[in-house]
Structures are given as structure tokens and as C-alpha cells.
Amino acid sequence: MLFLTIPPIGPLISPLAPITLLLPHWTIFFLFVLAIFYMWLSHWPGKNAKVVPMRASPFSPERVPKNLDTIVIGSGSGGSSCSNMLAQSGQRVLLLEQHEERTGGCTHTFRINGCEWDTGLHYTSEGMGLPTHRAGALLKFMTKGKQEWKRLDDPYDQIIFPSDSNVGNGKPNNTTYDFNSATPPEAPTLVRGLVERIDPGNEYLIKQFEVWMNLATVINNGFTALGWTRIIPKFLHFILRKRVEQLYKLASYTVRDVQYAVFNKGYTIEQLLKECPSCPEGPESDPVLRRVKAVLNHPIGDYAVQPRVATFAAQGITMAHYMEGAAYTVGPTQNISIRMSSLLRNFGGEVLCDVTVEQIIIENGRAVGVLVRNTSAGKGGTITEIRARNIICATSVFNLHHKLLPKDHPSVKDFFDPTLRTIRESNGHVFLFCKIKGDAKDLGLPTHNLWYFNSYDIDEAFDKYYGDPVTQRPPTCYIGFPCTKDPTWSSRLPGISNAILISDGIYDWFEKWQGTQVHERGADYDIFKDQLAKHLLDILYETVPQVKGRVEYWTLGTPLTEVSYLASFHAASYGTKCDTNIFKRLNDRWTTTPHTCIPGLYMAGSDAFLPAVCGAMYGGILGASAVLGYAGSLRMVFAFLSEFATSLKEANPKLSQVEAYLMALYKFGTEPVAN
């Protein structure tokens, strides 16, 4: 028998032996734990997910997935972003939309008579379109880079006033004022340009203009801090307390009072953080300051509250939002919700339209499901019960307590107690949608937004209009031409153009027709609509005279239209009204928070943080964070930062990977929320 003898080769040496010899055992253990923690932290199921855009399916019980983690009610900017983040975390999410045909809420588009219009996203900040800004990076993260944007040329906004003889001696009597992007290097140019059109060479005005603009930065920083307090543990809130308190202080003042303090009294920011004097009743008597104040109310259309009532926080955040310019979607705005919500299907979830939630099911004090029916079936439709571990309301705190929760629930009783809540729903709007014959370039249609102001005495104009909308023109009117902003328009809809005009509308004007069917509301309703439409058509022809005789079709939407198609409570376009009540400590439990007092029930969208598309998107992400908890939120943030860093490095290849990540971390933690 043959024997093989293997010579001894000495003791087996581990590849880690040199490390184990050099490092103490506790260090090795620490590195091992750190590696395990990194593997846990970097686990993000949505990391390599692909978006296959697909529209929502009509609701039927058979389409509801089994073993749901979360149900999200409402598919607007807040509901879509919230459901997207939860799906990327690995949850099985069901997104429900009451509209019979499409998702998107205020971001959806519609077509009639061969023309197309957006419904709520008429433009947004440039930051939403830039992957090197936090907002744009978040949108890229949620759509996997499929959503594209086009920057609007300067001026992005132009405001137009009627001719007015009340002007100071020797002062210019201009009727138009342009708003250009104003990043810190350009801000003095914007300020001087506006002052030159009102009172050339007035150094006091220039100085106070700068105070006014810097106040927007304080507000913006305050909202950034407020957002962080909705994510981090309470014991860390002291780090952000100063900025949040500054926000709440300025939010307690009206726009009118802050204008009086800054321009009439020469207040500084430091003085305003201590007190704000009340503006005397009546219109401004100084003709120069009268114009200054009216021009600086330029953002009013984005929060729809007159200066005497509006919180300065709304003014400040809107100013900051557009400081660097504006952008619009490439393609229909509808694509935003389609691209965000389609990702749900990658993880076993679903997106369903034509489904009205009748009630949230509460058992043993916890939200456990919803009762739903087909919207198209009407009130008599078959009720279906759907259950999940978490329920998220992205349709406003007012719909939640007026319609969705059981009437005898303690939270509902508290909501209707005037000693426990002082917030109110926002106003609605009147929309004129016009189809125009001819190509936008041939017609010379503006590529920027127009804002028509009926008077320099804005509060007085609001009071007159609210008192008699038939004989009085609206105090402000937005005029936009999506056909000039969307670079795909001419290839999709050649030979035609469109316009959208928007003015304020009060639900109470239309309440007597509530409950009637669309297109069946009677002759009185149609006459009232025609009267409102005449005001808007007159404004259109005065400001853009080349379209007169070319409007082939128009239709008017009213606050009841918002109720019918968007399910807005009392047509509240912006959710909670942006008056000084919104940030009172009394109302903390109702607004700017994703949390409710009911376990398993959360908020998303504008009432979870801020109004408008960008604010609602942040509110949706805060809603997802509330569901995921601190650990899940940490994973979500880490996954986002990794992609954010990649975008920053692509924009600046000279950055190292470490530098790009540190920059992403810094921008994520400190960049103002409006960008």
C-alpha cells in the first residue's frame, strides 16, 4: 500500500491575523458592529427599482392587494410622494384616488375639445427642477430621474396694474413690474430695478427693500428647522428652537402690519423679532409707499389671503420659494403623479382611481382600515372594507374630521370645539380655461406669468370683490400660458395654444348649488359663471390683446368644480387658510405635522407641512417618515443622500465621492425648504 506523506506546513494563519495582533479585541468588535450597522443602514429596497409609468386602474375589490402595510388616501403631491417613499422602503402600499379617471390632485391635467390644461401646478421654483437642490433631488429620487423640468426665462413673473393717477410729484407712473431670479449676487439688482420704477434713487427704500427680502430668508430657515423637528427625537429639538421661535414670532404678524413696520417705521429684523406695530386702518396715504406695498404683495396669488389677514410666514416662504427663479414641467404636469405612484407596483402595491373613502375604520382606538365605494357608483355604491397596518390621510385635516372619521370620535369633537381649534379652510378659486387658435410663437404669447392687480389698494380691492363679485373685478388674477412653457407642447398639440386665468372664489357664493350634478346646476348657476367669466376674459384681452378673436373655446371652473374633481373641503385650494391662526400653538395638533392623536393614522400633504405642490411634497415625505419611525427614516435619509451625492458629483466631477457626500449632507440639513 502506498502512503503519501504530507510535510507539516505550520499553524494555519488567518488573513485577519495581522489585524488581530495589532488591534485590541474591543476595536475589532466595534468595527464588526459598524459593518453590520452599515449593511443594515444601506439596505433600501427601492435603490435599484425601475419606474415603468402606468396610469391608475379603476377600483374593484379584486384589484386590492393582500396583506397591505399602508393605505394612502389622496394622490396629490403629498399622497404620491408619501406612498412612493413607503413603497421604496419595502412596504406594500395602496394609493386611493377619488377622481374617476386619473391621479395627481392639483397636478393632474385634462383635455376638452382638443386642448389641454393643468389644474394646479402652473409653475414652481427652479429648485424643484434641479437635482443639485434638495427639492429637485427628492423628486429625482422618487421618479428615478424620469421627471424633467424647464427653467423659465427671466422675468418669470410680471405684475400689471391699471393706470393710476395717484403718484408722487416727479415720480414715474409705471403699470408693470418684472420679477427676475434673485440669488444673493443678483438680489441688489432686483431691488434697485424695482425701486427705479417707483422712486428712483431712494436709498431708504433700497435699504428697507433689503430688510424685506432678508425677512424671507429668516422665514425660510425657520421652516427648514420646523421640518426637522417633525423628524428628529424631541430631546434634540433644543438645537432648532431659536429658528422655530423666530418663525412663530413672524408668523403671528400679518403681511400688512409687517409692511407698515418695515416701510413706514423703518424697522429692522431684530426689532421685528421683538414686536410689530399695527398698521392704521384705511389705505396707505403716501403714494410711493402705496405702490411699494402693492408691488411687494406680488406673491399673494400663491397663498390667496389678503394682506390684512395673511400671516407673514406665507408671504416670506413664497418669496423665498421663487428667489432663484421658476420652472415648469417638460410634458403634462400629470406625469409627476404617474411617475411617482407607478413605483408602488414594484413592491406589490397598487394605484386605484374611482374610489371614494367613506370612512376610516377605528377599532380599539386604532385606525385599521377604510370603507370605500366606486366614485362613479354614487352614494348607493357597494361598500368594500380594506384593512392595513397604517392609514394616511393626504386630503386635508378638514376632510379627515368632517368626512372620514366617525362623528362620535373624540378627535372630531375636539376639532369642532372653538376653544381647541381656530384654523379655517382656505378659500377656493375661479378658473378660466381657454383654447386659442394659432401657434404660441406666431401669436407672440408671453413665456412668463402675468399677474393682474386691480388696484394698488389691495385690501380695499379684496373687500369690494368679496362683497360683489358680479360688478367688481377680482383683486388679483393669474394669467399663464402652459403652451409657451412646456417644450413638448407644439409637437403634442400643433397649431393651438392655451391660457389659464385664476382669480379668488368663495365657496359661500356657490353653496346653494352644492349637491347638484356637474353640468346640471341650472340657469342661475350658468348666468353667475358667465358674469365671472366676463371679468376674466376682459382682463385677458386687455393684457394680451393679440388673442382677442382667437379664443375658440373657454370653460369656467368654480369652487364647486374643485369640490367635484379634487374633493377639496369647501373648495379649499390650499388646505388650511394661511392666516395668523395657522401657527398658533393651539393648532399644533392640527397643522404642520404628520402625526394625529389616533394610533395608526397619519397625515400627509399640505396640512402635514406647507401648502402648494412643493410644500405638499415635503408634507408627504414627513408622513412617510412618521410611519417608518426613527430607524426607517434614517434608512430613507441615507438612501436619498447617496443619490443626492451622485447628482452633485455629476454636476461637478472635480468633487471626490467623500466631498460630494458631505456636500449632500450639508445641503440636506441646511438648505432652505423653499428650494
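Below, a biologist and a modeller chat about the cores, sheet and hollows of a predicted model.

Biologist: Let's start inside. How many residues does the largest nonpolar core have?

Modeller: That core has 175 residues, and Phe 223 and Leu 272 have the most contacts inside it. Helix H22, residues 612-651, gives the most to this core, with 18 residues.

Biologist: What is Leu 272 in contact with, leaving aside its neighbours within four places in sequence?

Modeller: Its contacts include Leu 215, Leu 250, Val 258, Ala 261 and Val 262. Lys 249 is on the list too, along with Tyr 253 and Tyr 267.

Biologist: And what lies apart from the largest core?

Modeller: Another core, of 32 residues. Ile 71, Val 355, Cys 393 and Phe 569 are among them.

Biologist: Switching to the sheet. What order do the six strands have?

Modeller: They run E1-E11-E3-E2-E15-E21 in an open sheet, with parallel pairing. Strand E1 (57-58) and strand E21 (601-603) are at the edges with a single partner strand each, so one side of each has no neighbour in the sheet.

Biologist: How many bridges are there between E2 and E3?

Modeller: Four, in the parallel sense, between E2 at residues 70-73 and E3 at residues 93-96. Val 72, for one, has Leu 95 in E3 as its bridge partner.

Biologist: OK, holes. How many cavities of 30 Å³ or more are there?

Modeller: The count comes to eight. The largest has a volume of about 260 Å³, and 18 residues line it. Nearest its centre are Arg 134, Ile 231, Tyr 618, Leu 622 and Phe 668.

Biologist: Which helix gives the most to that lining?

Modeller: H22 again, with seven residues. Helix H4 (134-143) and H6 each supply at least two. By class, the lining of the largest cavity has 14 nonpolar residues, three polar and one charged.

Biologist: What about the second largest cavity, how much space lies in it?

Modeller: About 200 Å³. It is lined by 16 residues, with Phe 179, Leu 190, Met 213, His 298 and Met 319 closest to its centre. H6 gives the most to this lining, with three residues. The classes there are 13 nonpolar, three polar and no charged.

Biologist: Last one: what lines the second largest pocket?

Modeller: That pocket has a volume of about 500 Å³. Of its 21 lining residues, Thr 229, Arg 230, Ile 232, Lys 234 and His 237 are the closest to the centre. Helix H6 (203-229), helix H7 (241-251) and H22 each give two or more residues. The lining of this pocket splits into nine nonpolar, six polar and six charged residues.

Definitions and conventions: Residues are numbered from 1 along each chain as its sequence is written. This is a predicted model: local features need pLDDT of at least 70, side-chain atom pairs count only at pLDDT 80 or more; totals for chains, interfaces and linings use all residues. Side-chain values use heavy atoms; hydrogens and water are left out. A nonpolar core is a set of buried Ala, Val, Leu, Ile, Met, Phe, Trp, Tyr and Cys residues joined through side-chain atoms within 4.5 Å. Buried means under 20% relative accessible area, exposed over 50%, partly exposed in between (1.4 Å probe, protein chains only). Contact means heavy atoms within 4.5 Å. On a 1 Å grid over the protein atoms alone, a cavity is a set of points where a 1.4 Å probe fits but cannot get out, and a pocket is an open set with protein on both sides within 12 Å along at least five of seven lines; lining residues have an atom within 4 Å of a point. Grid points are joined across faces, edges and corners, and a volume is the space filled by probe spheres set on the points. Ala, Val, Leu, Ile, Met, Phe, Trp, Tyr, Cys and Pro count as nonpolar, Asp, Glu, Lys and Arg as charged, and the others, Gly among them, as polar. Two strands pair if DSSP finds at least two bridges between them.
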